[in-house]
Amino acid sequence: MQKNVHGGDIISAESVYGGRVLDFSVNINPLGIPQSVRNAAANADYMLYPDPLCRELSAGIAQKDGVEKGYVLCGNGAADIIYRIAYAQAPKTALLTAPTFSDYEESLAVSGCSISYHLLAEEECFDLGESYLKSLESGYDIAYLCNPNNPTGRLIDANLLEKIIIAAKDTGTRLVVDECFLELSTQEQGLEGFLAGNPHLLLLRAFTKSMAVAGLRIGYCLCSDSEFMDKLVRCAQAWSVSEPAQAAGLAALGEGAHVKAAKSLLSAERPWLLSELSALGLKVFEPSANFILFKANGVADLKERMLRHGILIRSCSNYNNLGDEFYRVAIKAHNENEQLIAALKLALPSNA
């Protein structure tokens, strides 16, 4: 069988546990799916082929994000677009940070790209620093950044990002910045204001996290390079975004209050959960996003230990530049966070 390296494999987890598990391995809106989004998906006309260009949804996204309609391309989740970028760009060289989301590396490897890594230091909380600009000077066809980064949940300094955009332009590097977790983070503004003058810049976004619709697969990218956007269209099947997904996306555009309510919950739960995790002797990396990376020194099997208590957490052992002592958990509603801490108290070796 193929192995899933991401979070959210509930089927496997519940098969091992023998019942329902509480999933902390995926980082979606703790308030769940808005009812309007559920209704829109349920009431979509399944007999129709979906609009292959997602015209209505793209227009709505452009208005919401404050960009031109031609800058928007929808896909079957952000992961779909990540692979399309690799096929359309066909890069020979790429620069990735480590640790970061593994699909960048996987998509580039499939296209035969040579990958270089800018290693992030644990003693610096795996934050991106000015030394990244030196790495860019070598010249790459493409570079990926994730803001806030996955799995650390930490934001890149805004001034540094501006410098990186300029440096990438100077070296002819296509810069892909993944902002899929930004909407549920402590930061309000993305990089859309830089798109018009920087056709080499491409932003990845999705409804997956903010609207908790991981199963519907609705992502998109923003880019002012019309020629490259046309290539991205050609690097996909004609109907990559289903009719229910497009309908749900349209409904989601009007759910700003739902996101605001989730951010309010997260702002209350984040410090509480950080404190509780630290009290258990875990090394936590304070995030700005809706998930927390921590290190359990000397415990390489914490995911398995937690599953015995009906809790699924994300092992980060497959992330480049992280070891098997690193784990990631979502921030959920308070009663669920309490269940996580209770299970950790039982699962950690000093208490087991």
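**Notebook: a walk through the model**

**Entry: R217**
I began with R217, which sits in the loop that runs between β7 (201-206) and β8 (219-223). I am working on a predicted model. The backbone of R217 caught my eye: its phi is positive, about 60°, although R217 is not a glycine. Is R217 buried or exposed, or partly exposed? I looked up its relative accessibility and found 27%, so R217 counts as partly exposed.

**Entry: C54 and L53**
I then turned to C54, in the loop between α2 (35-42) and α3 (55-65). C54 is not a glycine, yet it has a positive phi of about 50°. Its relative accessibility is 2%, so I noted C54 as buried.
L53 is in the loop between α2 and α3 as well. I found L53 at 48% relative accessibility, which makes it partly exposed. I also looked up a distance across the model. The C-alpha atoms of L53 and F126 lie 38 Å apart, with the two positions 73 residues apart along the chain.

**Entry: cis peptide bonds**
Where do cis peptide bonds turn up? I noted one between A98 and P99, with omega about 10°. P99 is in the loop between β3 (93-98) and α5 (102-110). I noted another between N150 and P151, where omega is about 25°. P151 belongs to the loop between β5 (142-146) and α7 (158-171).

**Entry: cysteines**
How many disulfides does the structure hold? I found 0. A disulfide is a covalent bond between the sulfur atoms of two cysteines. I wanted to know why C146 has no such bond. Its closest cysteine sulfur is in C180, 7.4 Å away, and that is too far for a bond. The cut-off I needed here is 2.5 Å between the sulfurs. C235 is in no disulfide either; the sulfur of C221 is the nearest cysteine sulfur to it, at 12 Å.
I also checked how open these two sites are. C146 is buried, as its relative accessible area is 3%. C235 is partly exposed, because its relative accessibility is 27%.

**Entry: R84**
I met C235 again while listing the neighbours of R84. R84 lies in helix α4, residues 78-89. Its relative accessible area is 3%, so R84 is buried. What does the side chain of R84 reach? A polar atom of this side chain lies 3.4 Å from the backbone oxygen of C74. A polar atom of the side chain also lies 3.1 Å from the backbone oxygen of L232. Leaving out residues up to four places away in sequence, I listed the contacts of R84 as L73, C74, G75, L232, V233, C235, A236 and S240.

**Entry: nonpolar cores**
Which residues have the most contacts inside the largest nonpolar core? I found F207 and L302, in a core of 77 residues. I followed L302 further. Residues up to four places away in sequence set aside, L302 touches F294, A296, I313, Y327, L344, A347 and L348. There is a second, separate core of 23 residues, and its members include A88, L96, M229 and L232. I had already come across L232 beside R84.

**Entry: E269**
Next I looked for E269 and found it in helix α10, residues 256-279. E269 has a relative accessible area of 9%, so it is buried. Which residues does E269 touch, not counting those up to four places away in sequence? I listed I331, K332, H334 and N337. H334 deserved a second look. The side chains of E269 and H334 are joined by a polar contact of 3.0 Å. Along the chain, E269 and H334 are 65 residues apart, yet 6.6 Å separates their C-alpha atoms.

**Entry: E336**
I finished in helix α12, residues 334-347, which holds E336. Where is the nearest side chain of opposite charge to E336? I found K332, 4.8 Å away. A salt bridge needs a distance within 4 Å, so E336 has none with K332. E336 is buried all the same. Its contacts, not counting residues up to four places away in sequence, are L22 and F24.

Methods
Residues numbered from 1 in each chain as written. Predicted model: local features only at pLDDT ≥ 70, side-chain atom pairs only at ≥ 80, totals over all residues. Heavy atoms only, no water. Helix = DSSP H or I, 4+ residues; strand = E, 2+ residues; numbered from the N terminus. Buried < 20%, exposed > 50% of the residue type's maximum accessible area, 1.4 Å probe, protein only. Lys, Arg positive; Asp, Glu negative; His and termini not counted. Contact = heavy atoms within 4.5 Å. Core = buried A, V, L, I, M, F, W, Y, C linked by side-chain atoms within 4.5 Å. Polar contact = N/O pair within 3.5 Å; in protein donor to acceptor, adjacent residues only side chain to side chain.
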